[in-house]
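Dear colleague,

Please find the structure below. I should be grateful if you would look through it before reading my notes.

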Amino acid sequence: MMGTLRASLRSKHLPLSFVITPRNSKTFHVPAMNLSAFISHNSDAIVDDWEVFAKTLLPVADTMSSLALRDHCREILQATVADMQTRETESERAAKAQGNAPQEAGADTAAIAHGALRHLSGFDLVQLVAEFRALRASVLALWSRQKAVGLSAVSPSEDSEIEQIMRFNEAIDQALAASIDSYSTAVTTSRDMFLAVLGHDLRSPLQAISMTGRLLLRPELSGEARQAAAMRIERCSTTMGLLINDLLEFTRTRLGSGIPLARTACDLGTICTTALETIRAGNPEQSFEEQISGDLVISADGPRLHQVFLNLLSNAVQHGDRDKPISLKATGNAHGIEVRVQNFGRPIAPAALQKIFEPMVRATSPETDTSELSKSSLGLGLFIVREIVVGHGGSVTVQSAQDEGTVFTIRLPLAHEPAAPA
Amino acid sequence: MKTLNIMYVEDNTELRDALAEMLAGPGRAVVAFATGEAALAAWAAGAPDLLVTDIGLPGMSGTDLTRIVVARNPAQWVALCSGYEHGGHVSTLGKNVRTLPKPFVFEQLQALIDEVNDALSPP
């Protein structure tokens with residue numbers, strides 16, 4: 001066998017091991033190595049195996065870089081090895097006395113972080129469990145392959161293979177339990193926050209409608225006050241309607257079906273104008289500028305694009321300066337259609353800009369102060385905008401600066417390619 | 001009859017306008033604020049008979065505001081409005097702290113106003 005032999009003294013707990021590098025083959029560390037040593041010496045090969053599997057799991061995994069995925073997996077493996085070694089020591093101890101040694105704390109940190117982050121990346125529980133199953137399978141398959149070629153013999157002084165595998169399984173189970181636990185906590189937190197914000201965003205206008213309805217019952221109310229009250233009811237209803245639409249779409253995308261699009265030939269100019277008129281009616285004190293030019297006929301889902309512009313315009317009203325106009329500019333040419341919605345006001349912080357299209361309920365991380373988030377809106381509107389635009393094969397970008405204000409730019413292709421499964 | 005001074009804190013403009021209009025009437029004086037900070041400054045200058053505040057506010061929350069004012073005056077009447085069930089948690093804030101579900105009907109607020117009026121009027 002061609003190979004290099006190198007003595008390794010990485011850990012005083014491990015037996016002398018050797019690196020055998022067959023030509024055109026992965027490096028495996030053998031022989032006379034127990035399972036925990038095998039794992040720590042072959043973590044690259046294990047992580048490779050596991051990464052291939054994790055990537056097949058789902059598209060949401062693309063929100064996390066390959067590097068971050070590998071880091072997690074490596075940390076979990078390291079924690080598993082540490083746990084196995086603790087269990088080895090414990091079993092030695094237990095042989096002498098039937099004492100219950102306390103479990104080392106801290107080994108689960110990686111698994112806990114992994115669970116919370118998987119929630120953040122949109123993994124469901126089944127996928128989270130599948131990852132750990134894959135990790136277990138990778139390790140055991142690689143190990144048994146070594147055994148099969150007779151490279152790794154267990155020395156007589158060591159525990160039986162079964163005992164080692166049992167310890168490995170226990171360690172993996174413990175990591176899995178820790179991951180699931182933190183995943184569940186993340187689910188509870190984001191659900192609570194979702195409800196809290198929903199309470200605020202939906203109940204406030206509802207409460208306003210209820211109060212205003214009662215106010216209208218007062219016979220002494222002036223005509224002018226009646227007029228104002230009726231307009232308030234209309235504005236609040238529009239706000240609630242938008243939010244409910246977004247919630248429905250959000251639930252749809254959460255269920256994995258995506259937003260269904262029914263394309264017909266429609267004039268984007270008309271859609272923009274209609275959306276602008278709706279928002280203008282609700283905000284009579286706000287000034288708007290509209291600029292529409294070129295050929296804006298496109299094969300698209302008109303009502304969905306209407307929702308896109310309603311969301312963008314209402315976002316602009318909500319965050320823009322009241323005394324500066326909000327502008328809507330739509331231009332069409334041979335390549336496609338571009339729509340820009342611009343408002344002035346305090347620029348959005350670069351960090352917030354990166355996450356602006358993420359629904360708040362997903363952009364929750366364990367480090368985030370929930371009390372801070374519960375004060376903002378659900379943040380579903382811009383997420384829905386992106387989903388619909390991307391579904392049309394288009395793109396949406398945002399720029400924010402003091403002088404130019406905040407500009408959302410939507411680009412839609414004229415001839416649409418069927419959207420690749422995201 | 002003594003005028004009941006009410007301070008109302010709500011960040012939603014529509015609701016603030018609607019409720020302030022509803023509350024205004026004979027025997028009641030209402031001042032409304034959009035933030036807990038503004039309300040606290042006004043409270044320090046002159047405490048109302050009843051503070052009605054939303055829990056979810058930008059910046060200082062309604063709960064924080066309540067804690068601060070109750071710490072300074074344990075007898076302060078407060079109505080916390082929330083779409084959430086808070087259970088027994090609120091009763092620990094102060095003896096005169098109540099919750100109003102959101103949305104509440106006006107009768108629920110009226111009942112609380114009556115309770116405050118009864119408590120404040122000399123027997």
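The notes that follow concern two helix pairs and the nonpolar cores.

This is a predicted model, in which local features need pLDDT of at least 70, side-chain atom pairs count only at pLDDT 80 or more, and totals for chains, interfaces and linings use all residues. Residues are numbered from 1 along each chain as its sequence is written, while chains are lettered from A and ligands numbered from 1 in the order in which they are written.

In chain A, the axes of helix H8 (residues 268-282) and helix H9 (residues 302-319) come within 9 Å and cross at roughly 45°; helices here are DSSP runs (H or I, at least four residues), numbered from the N terminus, and axes are lines fitted to C-alpha atoms over the stretch in contact, with angles from 0 to 180 degrees between N-to-C directions. H8(A) and H9(A) are therefore oblique to each other (neither under 35 degrees, roughly parallel, nor over 145, roughly antiparallel, nor 65 to 115, roughly perpendicular).

In chain B, the axes of helix H2 (residues 36-45) and helix H3 (residues 62-72) come within 10 Å and cross at roughly 20°, so H2(B) and H3(B) are roughly parallel to each other.

The largest nonpolar core (buried Ala, Val, Leu, Ile, Met, Phe, Trp, Tyr and Cys residues joined through C-beta atoms within 7 Å; buried means 20 or more other C-beta atoms within 10 Å, C-beta atoms being placed from the backbone) has 37 residues, of which Tyr8(B) and Leu50(B) touch the most other members. A second, separate core of 36 residues includes Leu242(A) and Val341(A).

Yours faithfully

Notes: Helices (H or I, at least four residues) and strands (E, at least two) are DSSP runs, numbered from the N terminus. A residue is buried if 20 or more other C-beta atoms lie within 10 Å of its own, exposed if 12 or fewer, and partly exposed in between; C-beta atoms are placed from the backbone.
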